[in-house]
Amino acid sequence: MSISTPLGSYSHLLPPSWKAVIPTWLAEDTPSLDFGGFVVGEGLEEATLWGKSEGVLAGCPFVDEIFAQLGCSIKWHLEEGAAVLPTSSNPKIKVATVTGPARCLLLGERVALNTLARCSGIAWKSRKVLLLARQAGYEGIIAGTRKTTPGFRLVEKYGMLVGGVDAHRYDLSSMVMLKDNHIWSKGSITQAVHAAKSVAGFALRVHVECQSLAEAREAVAAGADIIMLDNFTPAELRVAAGELKQDWMNAGGKELDKSGVAKRCLIEVSGGLTEENIKESLCADVDIYSTSAIHQGCTTVDFSLKIQPKAK
């Protein structure tokens, strides 16, 4: 089973400002004297980027810019989003060739490899979870969360997209998500939703975290656009999602088509979804499953960069 082909280049999503972070990454790795650079000098060299463990290639624009800022060029032999699948007979996959001054290749090596390994690991995990959901017959949205590494969110969200899942909201300004702390501080779900809608306008959805079916019904009545059923057991979830769908239909809704265009309030489930339990956890009445398992604690993909030895 495959996933949908991207309808454009993910690199075109990146904001104009993103390249400004690259010098800070390079400065972190070489804050003062480059002793290794003194050893190798600046003779022109060619290095091969090898993929040595399973993954999905993701993060190419970041690697491109790291080496570009160091005066190096890179030629990719795999397209972004392609699977990296070493075997016992072919334990290393040739992913790219990087050309430039030896010192500059090594200045960019670790920064590029760390970025590519993390982004590709997230893409790989995302794709595996998505494919398991599709194989189980689930046609809704699989999404990540905002539980990303400070300063590295752009890379991690990018990896989710390349892996085929929804990146969820990017930041606090992207969608109004009212969680337990918001509700407790305001006094009730209804008051919190009304306050959010008074300033968010028509362009932002209001999303409410609910701990029970009663809270979900209150959120729907208050005008929430999305309700999140948080940490329900699979059995509790099926009952709650089914009853919420029935509530909506009893109120005059029509039977949903696959696009979900007729649905008034989306149902999201967050928490606890993993590769191991996904088949028994999925419910067709849920529109969105969000999980941090695809980007927190996932393994990285093993890449290495090796300069071609000179002929003796």
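Here is a short back-and-forth on why certain residues in this structure carry the labels they do.

Author: Quick note: this is a predicted model, where local features need pLDDT of at least 70, side-chain atom pairs count only at pLDDT 80 or more, and totals for chains, interfaces and linings use all residues. Residues are numbered from 1 along each chain as its sequence is written, and side-chain values use heavy atoms, with hydrogens and water left out.

Reader: Why is His168 called buried or exposed, whichever it is?
Author: Buried means under 20% relative accessible area, exposed over 50%, partly exposed in between (1.4 Å probe, protein chains only). His168 comes in at 19%, so it counts as buried. His168 also has a positive phi of about 65 degrees, although it is not a glycine.

Reader: What makes the contact of Arg103 and Asp34 a salt bridge?
Author: The rule asks for a side-chain nitrogen of Lys or Arg within 4 Å of a carboxyl oxygen of Asp or Glu. Arg103 and Asp34 meet at 3.4 Å, N to O, so they pass. Arg103 lies in helix α4 and Asp34 in the loop between α1 (22–29) and α2, so the pair ties together parts that are 69 residues apart in sequence. Helices, by the way, are DSSP runs (H or I, at least four residues), as are strands (E, at least two), numbered from the N terminus. Asp34 and Arg103 also belong to a salt-bridge network with Glu42.

Reader: How do you know that Lys125 is buried?
Author: Its relative accessible area is 19%, so Lys125 falls under the 20% limit. Lys125 still forms a salt bridge with Glu275, the closest N and O atoms being 2.7 Å apart. Glu275, at 23%, is partly exposed.

Reader: Why does Arg127 have no salt bridge?
Author: The nearest side chain of opposite charge, Glu80, is 9.6 Å away, and the cut-off is 4 Å, so no salt bridge is counted. For charge, Lys and Arg count as positive and Asp and Glu as negative, while His and the chain ends are not counted. What the side chain of Arg127 does reach is the backbone oxygen of Val162, at 3.2 Å.

Reader: What makes Leu106 eligible for the nonpolar patch?
Author: Patches take residues with over 30% relative accessible area and no salt bridge (like charges joined within 9 Å, nonpolar side chains, namely Val, Leu, Ile, Met, Phe, Trp and Tyr, within 5 Å). Leu106 has 36%, so it clears that threshold. Its patch partners are Phe38, Val39, Val40 and Ile307.

Definitions and conventions
A polar contact is a pair of N or O atoms within 3.5 Å; within protein, one must be able to donate a hydrogen and the other to accept it, and residues adjacent in sequence count only if both atoms are side-chain atoms. Accessible areas come from the Shrake-Rupley method with a 1.4 Å probe; for residues, only the protein chains shown count as cover.
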